[in-house]
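Trainee: I've got the model open and I'd like to know why things carry the labels they do. Can we go through it together?

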Amino acid sequence: MTIRQLPDILINQIAAGEVVERPASVVKELVENALDAGASRVDIDLEEGGVRLIRIRDNGGGIGADQLALAVSRHATSKIASLDDLEGVATLGFRGEALPSIASVSRFALSSRHADNEHGHVLEVDGGRVGEVMPKSHPQGTTVEVRDLFFNTPARRKFLRAERTELGHIEEWLRQLALARPDVELRVTHNGKPSRRWKGEGSLLDGAALSDTRINETLGEEFGRNALRVDHAAAGLRLHGWIAQPAYNRASTDQQYLFVNGRAVRDRSVAHAVKQAYSDVLFHGRHPAYVLFLELDPRRVDVNVHPAKHEVRFRDARLIHDFVYRTLHEALAGTRAGTAAGVGT
Ligand code: ADP
Ligand code: MG
């Protein structure tokens with residue numbers, strides 16, 4: 001038996017197995033990078049469900065020419081520098097592995113111009129083989145192009161589904177994003193045609209939370225008409241957003257959106273608390289619809305649970321469960337007088 005150190009490209013391809021499941025995961029990682037860079041507008045161009053091309057352009061801070069090579073190397077990040085930073089991480093990214101992973105399983109190009117630079121530059125990576133940084137005109141901000149995803153990993157490529165299915169996964173993720181960041185303008189094209197557009201609405205810092213317009217555009221007007229506004233804070237926790245009146249309920253959990261400090265996550269304990277709050281106003285087998293934002297000190301939640309960051313771990317899970325339950329139980333009090341007759345699908 002011989003133990004060998006694996007080459008970097010292979011290490012990145014192994015990591016890609018966890019981070020890059022399908023085109024939607026690439027879109028997620030790249031748009032999160034744009035948001036972490038402070039972009040107020042993100043353009044997303046897709047071809048063939050993202051399998052042929054994913055191009056994400058942002059107007060964020062950009063990357064300096066001397067940093068491009070670092071950006072595509074593994075465990076290189078500008079977002080944390082210490083364990084202390086990790087424990088209080090407020091950015092969407094922090095692992096420094098999305099770009100090298102994606103670049104190892106695609107034909108990849110990173111073009112950017114940093115606010116301090118006069119000219120832009122581009123760095124191409126072909127299936128993990130990193131090229132030279134070259135000058136290229138680019139407005140301030142960054143463009144990442146990902147072509148032919150999994151072209152060099154046939155086993156992964158085989159798991160890609162029909163164009164429509166992959167596009168559906170991307171759109172589902174974009175809906176989450178549109179709900180989480182109403183302040184950002186998003187434009188999407190597919191096969192050269194405009195497919196979705198969300199206008200940016202004010203600033204998150206002004207407390208300009210999700211507008212009725214964006215709720216209606218994203219979840220449908222029927223949800224909007226049946227939604228109750230929730231906003232409650234206690235014990236350093238804040239829960240706000242919209243929950244549907246029981247009369248509007250679903251056959252599945254397809255309209256359940258939870259954001260923890262702005263990150264879309266799935267959490268069984270919170271989902272359970274919501275379900276319990278609805279238990280006496282919903283028919284058995286029906287599911288509530290909601291868009292909820294939970295905010296708390298980042299030190300009370302561990303986001304470093306899984307490479308794809310879909311899950312979090314709360315330090316005081318029980319407290320949070322009870323807080324969510326009580327807030328929603330209270331919010332639904334007015335609906336208990338009525339019946340649980342159903343609209344919706
Ligand atoms: P992470 O987001 O975990 O830091 P990534 O591999 O996604 O790791 O990105 C590596 C680094 O490249 C980031 O830390 C950031 O400094 C830089 N970067 C990536 N995308 C962008 C972007 N769109 N705008 C500005 N900087 C970016
Ligand atoms: Mg990232």
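**The sheet**

Mentor: Start with the open sheet: eight strands, ordered S5-S4-S3-S6-S2-S1-S7-S8, with mixed pairing. At its edges sit strand S5 (129-135) and S8, each of which pairs on one side only. From one strand to the next the twist averages 10°. One caution: this is a predicted model, so local features need pLDDT of at least 70 and side-chain atom pairs pLDDT 80 or more, while totals for chains, interfaces and linings use all residues. Residues are numbered from 1 along each chain as its sequence is written, and chains are lettered from A and ligands numbered from 1 in the order in which they are written.

Trainee: What makes something a strand here, and what makes S1 and S7 a pair?

Mentor: Strands are DSSP runs of E with at least two residues, helices are runs of H or I with at least four, and both are numbered from the N terminus. Two strands pair if DSSP finds at least two bridges between them. S1 (residues 41-47) and S7 (residues 185-190) share six bridges, in the parallel sense, so they pass that test. As an example, aspartate 43 has arginine 187 in S7 as its bridge partner.

Trainee: And how do you know that S7 pairs with S8?

Mentor: Five bridges join S7 to S8 (residues 193-198), and these two run antiparallel. Arginine 187 has arginine 197 as its partner in S8, and valine 188 stands opposite arginine 196. S7 and S8 make a hairpin with two residues between them, and asparagine 191 in the turn has a positive phi of about 50°.

**Positive phi**

Trainee: What makes a positive phi worth flagging?

Mentor: Most residues other than glycine have a negative phi. Phenylalanine 150 has a phi near 65°, and alanine 235 has one near 50°. Phenylalanine 150 is in the loop between strand S6 (141-147) and helix H6 (154-157); alanine 235 is in the loop between strand S9 (227-234) and strand S10 (237-244).

Trainee: Are they buried, partly exposed or exposed, and how do you know?

Mentor: We count the other C-beta atoms, placed from the backbone, within 10 Å of a residue's own: 20 or more is buried, 12 or fewer is exposed, and in between is partly exposed. Phenylalanine 150 has 19, so it is partly exposed. Alanine 235 has 11, so it is exposed.

Trainee: Why does arginine 336 get its exposure label?

Mentor: Arginine 336 has 12 such neighbours, which still makes it exposed, because that class covers 12 or fewer. It follows helix H11 (317-331) in the chain. Its C-alpha is 8.0 Å from that of aspartate 280, though the two are 56 residues apart in sequence.

**Two helices**

Trainee: What makes H10 and H11 parallel, antiparallel, perpendicular or oblique?

Mentor: H10 (residues 268-277) packs against H11 at an angle of about 30°, with the axes 8 Å apart. So H10 is roughly parallel to H11: that label needs an angle under 35 degrees, with over 145 roughly antiparallel, 65 to 115 roughly perpendicular and the rest oblique. Axes are lines fitted to C-alpha atoms over the stretch in contact, and angles run from 0 to 180 degrees between N-to-C directions.

**Around ligand 1**

Trainee: What makes a residue part of the shell around ligand 1?

Mentor: Its C-beta atom, placed from the backbone, must lie within 6 Å of the molecule. There are 21 residues around ligand 1, and Asn33, Ala37, Thr77, Gly93 and Ala98 come nearest. Helices H2 (23-36) and H5 (98-104) each supply at least two, and H2 gives the most, with three.

Trainee: How does the shell divide by residue class?

Mentor: Seven nonpolar, nine polar and five charged. Ala, Val, Leu, Ile, Met, Phe, Trp, Tyr, Cys and Pro count as nonpolar, Asp, Glu, Lys and Arg as charged, and the others, Gly among them, as polar.
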